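Hi everyone, thanks for coming. I'd like to walk you through a structure today, stopping at a handful of places along the way. Please have the picture open in front of you.

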Amino acid sequence: TGHHWGYGKEDGPSAWHRQYPVAKGNRQSPIDIIPNEARRDSTLGPIFLKYDQCRSLNIANNGHSVVVEFDDSDDRSVVLGGPLDNPYRLKQFHFHWGGKGCEGSEHTVAGVGYASELHVVHWNAVKYKTYNDAAAAPDGLAVLGIFLELGDDHRWLHMITDALYMVKFKGSATDFKGFNPKCLLPSSLHYWTYLGSLTTPPLHESVTWIVLKEPIVVSEKQLGMFRMLQFNGEEEDQRMRMENNFRPPQNLKERIVRSSN
Ligand SMILES: CN(C)c1nnc([C@H](N)S(N)(=O)=O)s1
Ligand SMILES: [Zn+2]
């Protein structure tokens, strides 16, 4: 019902503020991360990803990205440590990417974008009863950002790209069991962290961002598979290839970015 947000000229990031005024808020994401200006903070310990008992459920096309959802009914898989005061429960992961040969990450590093960015979304189930309550709270979410750069084939990404033909259209979903996102992590968990927001509407300012410094490497062929997805539903006449589904960097305002050791 009604006009929905998207990534086009009329409904894209520059228009979101009309329906979501927080788009012009003081802690919006993504941002341009400037390593030389990040504050090295010795109180920032390492992050720990406890994903061994994680239970993936399905993979879906939500009309904005491709999302893998997890069973978040208990604390079986959490992120903890680093800037976080308690464990945050794994809920889903999804990607943002560009068009052929264009950058598509959301965060940039000293003004340089990557080909794509993986977001692993966790919520604070210690303080909030539901994901939706957490998503609206200033310390409700912790999102791990992982850059994807182009190079050789990623040895495990095929498990996701092989399933994309099943979720070509908005609203499609299929079973996706037994996938552990640990296989999508780089070797180093060194990170930058800052207080920000969801990067898509409703743009809630509820995210502690943890952006890993080391990218993972995927091939142009693998990333190209994401572009066979469509923003539109199967029944819609207008066919729109799913690409360039990223929000550009937002004003840092009065924030600082901290760096792990
Ligand atoms: C409902 N969930 C988990 C999310 N809602 N918006 C999300 C954004 N895509 S992002 N990029 O994670 O802020 S994730
Ligand atoms: Zn995202």
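In which loop does Asn244 lie? Asn244 belongs to the loop between helix 4 (220-226) and strand 15 (258-259). Before we go further, please keep in mind that this is a predicted model.

So what is there to see at Asn244? Its phi is near 55 degrees, which is a positive value in a residue other than glycine. As for the surface, Asn244 has 28% relative accessibility and therefore counts as partly exposed; the cut-offs are under 20% for buried and over 50% for exposed.

Now look at Lys253. Its place is also in the loop between helix 4 and strand 15. Lys253 is not a glycine, yet it has a positive phi of about 55 degrees. With a relative accessible area of 34%, Lys253 is partly exposed.

While we are on the backbone, let's look at some peptide bonds. Which kind of peptide bond joins Ser29 and Pro30? This one is cis, and omega is about 0 degrees. You can find Pro30 in the loop between helix 1 (16-19) and strand 1 (32-33). Another cis peptide bond runs from Pro201 to Pro202, with omega near 15 degrees. Pro202 sits in the loop between strand 12 (191-196) and strand 13 (207-212).

Pro30 gives us a nice bridge to the next stop, as it is one of the residues that His107 touches. Let's find His107: follow the chain to the loop between strand 7 (88-97) and strand 8 (108-109). Is His107 buried or exposed? Its relative accessibility is 0%, so His107 counts as buried. Leaving out residues up to four places away in sequence, the residues it touches are Pro30, Ile31, Ile33, Glu117, Phe147, Tyr194, Trp209 and Val211. Tyr194 deserves a second look, since a polar contact of 2.6 Å joins its side chain to that of His107.

Next, the ligand. Where does ligand 1 sit? The space it takes is the largest pocket. Around ligand 1 you will find Gln92, His94, His96, Glu106, His119, Val121, Tyr131, Leu198, Thr199 and Thr200. Which strand gives the largest share of that shell? The answer is strand 7, with 3 residues. Strand 7 and strand 9 (116-123) each supply at least two residues of the shell.

Let's zoom in on the polar side of things. In the side chain of Thr199, a polar atom lies 2.7 Å from a nitrogen atom of ligand 1. For Tyr131, an N or O atom of the side chain is 3.0 Å from a nitrogen atom of the ligand. For Thr200, the corresponding distance from a side-chain N or O atom to a ligand nitrogen is 3.3 Å. And how much of ligand 1 does the protein bury? Taken alone, ligand 1 exposes 370 Å², and the protein buries 81% of that.

Staying with strand 7, have a look at Lys91, which is found in that strand. Is this lysine buried or exposed? Lys91 counts as buried because its relative accessibility is 17%, and the cut-off for buried is under 20%. Apart from residues up to four places away in sequence, Lys91 touches Val68, Glu69, Phe70, Asp72, Val121, His122, Trp123 and Tyr131. Two of those names, Val121 and Tyr131, may ring a bell, as they are also among the residues around ligand 1.

Now for another lysine, Lys182, in the loop between strand 11 and strand 12. Lys182 is partly exposed, with a relative accessible area of 37%. Which residues is it in contact with, leaving aside neighbours within four places in sequence? They are Leu49, Tyr51 and Asp52. With Leu49, the side chain of Lys182 reaches the backbone oxygen at 2.8 Å. There is also a distance to look at here: Lys182 and Cys54 are 128 residues apart along the chain, and their C-alpha atoms are separated by 9.8 Å.

My last stop is Tyr165, in the loop between helix 3 (158-161) and strand 11 (173-175). Its relative accessibility is 55%, so Tyr165 counts as exposed. Tyr165 and Val218 are 53 residues apart along the chain, with 19 Å between their C-alpha atoms.

That's my tour. Thanks for listening!

Technical notes: Residues numbered from 1 in each chain as written. Chains lettered and ligands numbered in written order. Predicted model: local features only at pLDDT ≥ 70, side-chain atom pairs only at ≥ 80, totals over all residues. Heavy atoms only, no water. Helix = DSSP H or I, 4+ residues; strand = E, 2+ residues; numbered from the N terminus. Buried < 20%, exposed > 50% of the residue type's maximum accessible area, 1.4 Å probe, protein only. Polar contact = N/O pair within 3.5 Å; in protein donor to acceptor, adjacent residues only side chain to side chain. Contact = heavy atoms within 4.5 Å. Near = heavy atom within 4 Å. Areas by Shrake-Rupley, 256 points an atom, 1.4 Å probe, with all protein chains shown as cover. 1 Å grid on protein atoms, 1.4 Å probe; cavity = no way out; pocket = protein on both sides within 12 Å on 5 of 7 lines; lining within 4 Å. Sits in = over half its atoms within 2 Å of the grid points.
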